[in-house]
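Student: I would like a close look at one part of this structure, namely one helix and the packing around it. Please set it against the whole chain as well.

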Amino acid sequence: MDNRVSKLNVTRQTMYGFSSSLAVALQMTYITIFMTDGLLIPAAVMGTVLLAGRVIDFIIAVIAGGLIERIKMPWGKYRSWLLVFRWVILAGNILIFVNTANLALPIRLGIVLIGYVLMNASMTFLSTAQFGSLATMSGTNMDDRNLIARRYAQGLAAGGIVTAMAIIPLLTYFGEVIGPTNAYLLVAVAFTLPFFLGIGSLAKGVKEYEIGEKAIVAPPGPKVTVKDMIQSVVTNSQLVVLIIVFSCVYTGMFLLNGVMAYYFTYVLGDFMLMTITLTVNTLFGFIASVFIPRIGLKLGKKRAMVVGLGIYGIMSCMITFFAAESFPIYIAISVVNIMAMYLFNSFGVNYMLDAGEYGFYTTKKDNRAVAMSMFNLPIKIGLALGGAIGAFGLAWAGYEVGAEISPDFISKFMIILGIAPGAIALFGAVVMFFGYKISDEDAAMYAAENAKAMGMPIPGAPEGPDVPGEEETVVVTQ
């Protein structure tokens with residue numbers, strides 16, 4: 001099967017991943033400590049406000065795929081959303097990190113909440129559009145799908161190196177010049193602006209597939225209603241399994257990201273050690289993104305996820321027992337965890353796309369955009385649950401701004417930092433092992449048969465296996 005995707009378009013996907021990593025870095029890792037130590041918001045109140053924002057964000061994530069599927073704009077199915085939401089990202093980052101410390105508490109909370117919703121809702125639509133561009137550019141070619149996903153992940157990793165090395169030094173430098181709280185806004189804007197270039201490049205690349213020479217107009221199929229879209233999620237057993245598993249992945253990740261700064265500041269007593277940790281992690285992450293996916297490909301999507309989460313869960317639990325007084329141990333465990341995650345991270349949205357192909361194959365209705373948008377849903381669930389566990393965990397451990405750090409706080413905090421995300425990851429591994437049934441060969445067959453059903457014959461399509469959870473194979477008629 002001939003590749004449809006050019007090296008230039010693969011590079012565009014990589015640059016989009018790189019620039020998006022820059023745009024979201026400050027919010028993903030530093031929003032909690034900015035709110036408590038910069039805006040002087042109590043930890044429990046901070047957790048409540050972020051939870052409210054994440055509930056709103058969750059609702060938007062549920063409907064985003066359906067809106068993209070139903071709303072037709074003149075600049076292309078996915079390209080249009082890339083063009084529309086560029087500016088909202090910048091506005092959201094500004095509102096999150098503007099210094100409102102001198103305003104009344106309700107006003108501070110309201111501004112952060114509005115900024116949070118604007119930024120994260122926009123990223124929901126933008127990432128769904130990027131997922132759609134992956135499918136559009138690669139067609140049914142599984143090698144191309146995996147290639148774009150790997151290069152996108154490598155772009156994210158490369159962006160992570162830049163932010164890991166630069167954010168804390170920049171916050172420290174500009175904090176001495178314009179004040180620690182004001183420095184956050186300056187850095188947030190500086191790291192958001194390159195995203196405009198990444199979005200513009202990707203939009204240019206996908207244009208030829210949506211409204212240009214390579215545009216493919218599929219024959220009209222069954223009308224897809226809102227009810228169909230909801231049913232396409234709740235009745236797709238494989239998609240439901242993936243939503244649960246990825247929710248575990250992101251809950252643990254955002255829990256760790258949200259409390260990491262407190263570990264270096266109050267447990268180890270040196271905030272600058274976080275720069276070393278993030279730099280080492282992202283460097284190893286980039287190296288892992290180049291080599292580890294080869295192991296993942298040999299294992300297959302399911303086994304790669306089970307093994308990766310299993311290793312991550314066990315190693316994370318060890319943080320609680322061995323890293324409270326040892327920075328080198330924390331670094332070593334973090335590196336192992338980064339490498340374990342890249343066993344499956346490089347497949348990215350292809351997990352959801354496989355489940356979408358399965359759903360299309362069994363129902364004859366194309367809700368693949370909805371399925372791909374579900375890749376955002378676990379992120380939102382993870383943000384909400386991970387952020388809430390972290391924020392309320394800090395309150396449970398007795399954290400107060402300016403208060404003396406006690407051994408009891410450290411003991412409880414290390415449970416939040418290690419055992420909590422470790423147990424969540426192990427639960428995800430168990431669900432994936434017992435619940436996920438789509439092999440990589442199945443996914444290739446579904447994609448080929450779906451292309452045929454849409455009037456796009458695919459030579460050499462593999463023969464179909466039994467559909468997971470069904471007694472008979474569903475035959476697609478043309």
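Tutor: What follows starts with the whole protein, goes on to helix 11 and its packing, and ends with a second helix pair.

The model is a predicted one. The protein has 18 helices and zero strands. Its radius of gyration is 22 Å, close to the 23 Å that the globule rule gives for 478 residues, so the protein is as compact as a globular protein of that length. Along the principal axes, the C-alpha trace spans about 70 × 45 × 40 Å. Buried residues make up 58% of the 478. The accessible surface is about 19,300 Å², and carbon and sulfur atoms account for 68% of that area. Of the contacts between residues at least 6 apart in sequence, 82% join residues at least 24 apart.

Helix 11 covers residues 273–299, and Thr277 lies in it. The relative accessible area of Thr277 is 0%; because buried means under 20%, Thr277 counts as buried. Leaving aside residues up to four places away in sequence, Thr277 touches Phe264, Phe327, Tyr330 and Ile331.

Two packed helices are described by the angle between their axes and the distance between those axes. For helix 6 (residues 142–178) and helix 11, the axes come within 7 Å and cross at roughly 170 degrees. Angles over 145 degrees count as roughly antiparallel, so helix 6 is roughly antiparallel to helix 11. On the helix 6 side, the contact includes Asn146, Arg150, Gln154, Gly160, Ile161 and Pro169. From helix 11, the residues in this contact include Met274, Thr275, Leu278, Thr282, Gly285, Phe286, Pro293 and Leu297. By class, the contact of helix 6 with helix 11 comprises 14 nonpolar residues, eight polar and one charged.

A second pair can be described in the same terms. The axes of helix 2 (residues 43–70) and helix 16 (residues 376–397) cross at roughly 170 degrees and come within 9 Å. Helix 2 is therefore roughly antiparallel to helix 16. Among the helix 2 residues that meet helix 16 are Ala43, Met46, Gly47, Arg54, Asp57 and Phe58. Helix 16 contributes, among others, Leu377, Lys380, Ile381, Gly387, Phe392 and Ala395. The contact of helix 2 with helix 16 divides into 15 nonpolar, three polar and three charged residues.

Conventions
Residues numbered from 1 in each chain as written. Predicted model: local features only at pLDDT ≥ 70, side-chain atom pairs only at ≥ 80, totals over all residues. Heavy atoms only, no water. Helix = DSSP H or I, 4+ residues; strand = E, 2+ residues; numbered from the N terminus. Buried < 20%, exposed > 50% of the residue type's maximum accessible area, 1.4 Å probe, protein only. Contact = heavy atoms within 4.5 Å. Axes fitted to C-alpha atoms, helices over the stretch in contact; angles between N-to-C directions. Parallel < 35°, antiparallel > 145°, perpendicular 65-115°, else oblique. Nonpolar A, V, L, I, M, F, W, Y, C, P; charged D, E, K, R; others polar. Rg over C-alpha atoms; globule rule 2.2 N^0.38 Å. Areas by Shrake-Rupley, 256 points an atom, 1.4 Å probe, with all protein chains shown as cover.
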